[in-house]
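User: I am new to this structure and would like a close look at one part of it, the nonpolar core and the helices around it. Could you walk me through it step by step?

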Amino acid sequence: EAQVIYADMLHKGMGGPEDNKEALEWFVKAANHGRKDAQHNVGLFYLHGFGMGKADVEEAKLWFERSARQGHKAAIAKLEQIRNHSLQSNIHDEAIPPELIESAKAGNPVYQHAL
């Protein structure tokens with residue numbers, strides 16, 4: 001949890017200048033330890049290009065999927081937004097992992113709400 005808090009402070013410039021590059025490094029450390037909130041944040045950083053200069057939607061989707069598999073509602077919703085945007089752009093996109101869709105169909109309320 002401390003890694004996530006520290007990364008968030010770096011991202012927001014709390015206690016010093018904003019440093020998205022270092023914030024991303026700390027979010028990745030926490031994400032690699034299985035923190036679904038950190039995985040979601042890494043996805044946001046890639047989606048918006050924070051700390052790296054340019055966005056990488058494909059990498060963002062990978063992080064959102066990791067977080068979504070653990071039931072992170074915002075990550076599930078973000079995958080749906082990416083999918084909807086891609087469909088509106090006439091780009092076929094399999095952003096939502098099939099097992100999450102199956103969980104929603106099977107009655108899982110977390111996934112039903114997000115989808």
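Analyst: Happy to! Please keep in mind that this is a predicted model. Let us start at the core itself. The largest nonpolar core has 21 residues, and the members that touch the most others are Phe27, Ala38, Val42, Tyr46 and Phe64. Five elements each give two or more residues to this core: helix H1 (2-12), helix H2 (20-32), helix H3 (36-48), helix H4 (57-68) and helix H5 (73-88).

For the wider setting, the protein has 7 helices and 0 strands. Its pattern along the sequence is therefore written α-α-α-α-α-α-α. Of the 115 residues in the protein, 37% are buried. Among contacts with a separation of 6 or more, 44% are accounted for by residues 24 or more positions apart.

Now to single residues, beginning with Phe27. Phe27 sits in helix H2 and is buried, with a relative accessible area of 1%. Setting aside residues up to four places away in sequence, Phe27 touches Val4, Ala7, Asp8, Ala38, Asn41, Val42 and Phe45. Two of the names on that list, Ala38 and Val42, belong with Phe27 to the core members that touch the most others. From Phe27 to His11 there are 16 residues in sequence, and their C-alpha atoms are 10.0 Å apart in space.

Ala30 is also part of helix H2. With a relative accessible area of 1%, Ala30 counts as buried. Once neighbours within four places in sequence are left aside, the contacts of Ala30 are Gln3, Val4, Arg35 and Ala38. Ala30 and Glu1 are 29 residues apart in sequence, yet the distance between them is 7.6 Å, C-alpha to C-alpha.

Ala38 ties these two residues together. Leaving aside its neighbours within four places in sequence, Ala38 is in contact with Val4, Phe27, Ala30 and Ala31. Val4 also appears among the contacts of Phe27 and among those of Ala30.

With those residues in mind, we can look at how the helices meet. Take H1 and H2: their axes come within 8 Å and cross at roughly 165 degrees. That angle makes H1 roughly antiparallel to H2. H1 passes H2 in a left-handed crossing. On the H1 side of the meeting are Gln3, Val4, Tyr6, Ala7, Asp8, Leu10 and His11, and on the H2 side are Asn20, Glu22, Ala23, Trp26, Phe27, Lys29 and Ala30. Sorted by class, this contact of H1 with H2 has 8 nonpolar, 3 polar and 3 charged residues.

The next pair is H2 and H3. The axes of H2 and H3 come within 8 Å, crossing at roughly 145 degrees. This crossing is left-handed. Here Asn20, Ala23, Leu24, Phe27, Val28, Ala30 and Ala31 in H2 meet Ala38, Gln39, Asn41, Val42, Phe45 and Tyr46 in H3. The residues of the contact of H2 with H3 are 10 nonpolar and 3 polar, with no charged ones. Phe27 and Ala30 are therefore on the H2 side of this meeting, and both are also listed where H2 meets H1.

Then come H3 and H4. These two pack with their axes 8 Å apart, at an angle of about 165 degrees. H3 is thus roughly antiparallel to H4. The crossing in which H3 passes H4 is left-handed. From H3, the residues involved are Lys36, Gln39, His40, Val42, Gly43, Leu44, Tyr46 and Leu47, and they meet Val57, Glu59, Ala60, Trp63, Phe64, Arg66 and Ser67 in H4. The contact of H3 with H4 divides into 8 nonpolar, 4 polar and 3 charged residues. Val42, Tyr46 and Phe64, which are among the core members touching the most others, are found in this meeting too.

Finally, one residue takes us on to helix H5, and that is Lys78. Leaving aside neighbours within four places in sequence, Lys78 is in contact with Leu44, Leu47 and Phe64. Lys78 and Phe64 are 14 residues apart in sequence and 7.3 Å apart in space, C-alpha to C-alpha. Leu44 and Leu47 are also on the H3 side where H3 meets H4, with Phe64 on the H4 side.

Notes: Residues are numbered from 1 along each chain as its sequence is written. This is a predicted model: local features need pLDDT of at least 70, side-chain atom pairs count only at pLDDT 80 or more; totals for chains, interfaces and linings use all residues. Side-chain values use heavy atoms; hydrogens and water are left out. A nonpolar core is a set of buried Ala, Val, Leu, Ile, Met, Phe, Trp, Tyr and Cys residues joined through side-chain atoms within 4.5 Å. Buried means under 20% relative accessible area, exposed over 50%, partly exposed in between (1.4 Å probe, protein chains only). Helices (H or I, at least four residues) and strands (E, at least two) are DSSP runs, numbered from the N terminus. Contact means heavy atoms within 4.5 Å. Axes are lines fitted to C-alpha atoms, for helices over the stretch in contact, and angles run from 0 to 180 degrees between N-to-C directions. Angles under 35 degrees count as roughly parallel, over 145 as roughly antiparallel, 65 to 115 as roughly perpendicular and the rest as oblique. A crossing is left-handed if the near helix is turned anticlockwise from the far one by less than a right angle, and right-handed if clockwise. Ala, Val, Leu, Ile, Met, Phe, Trp, Tyr, Cys and Pro count as nonpolar, Asp, Glu, Lys and Arg as charged, and the others, Gly among them, as polar.
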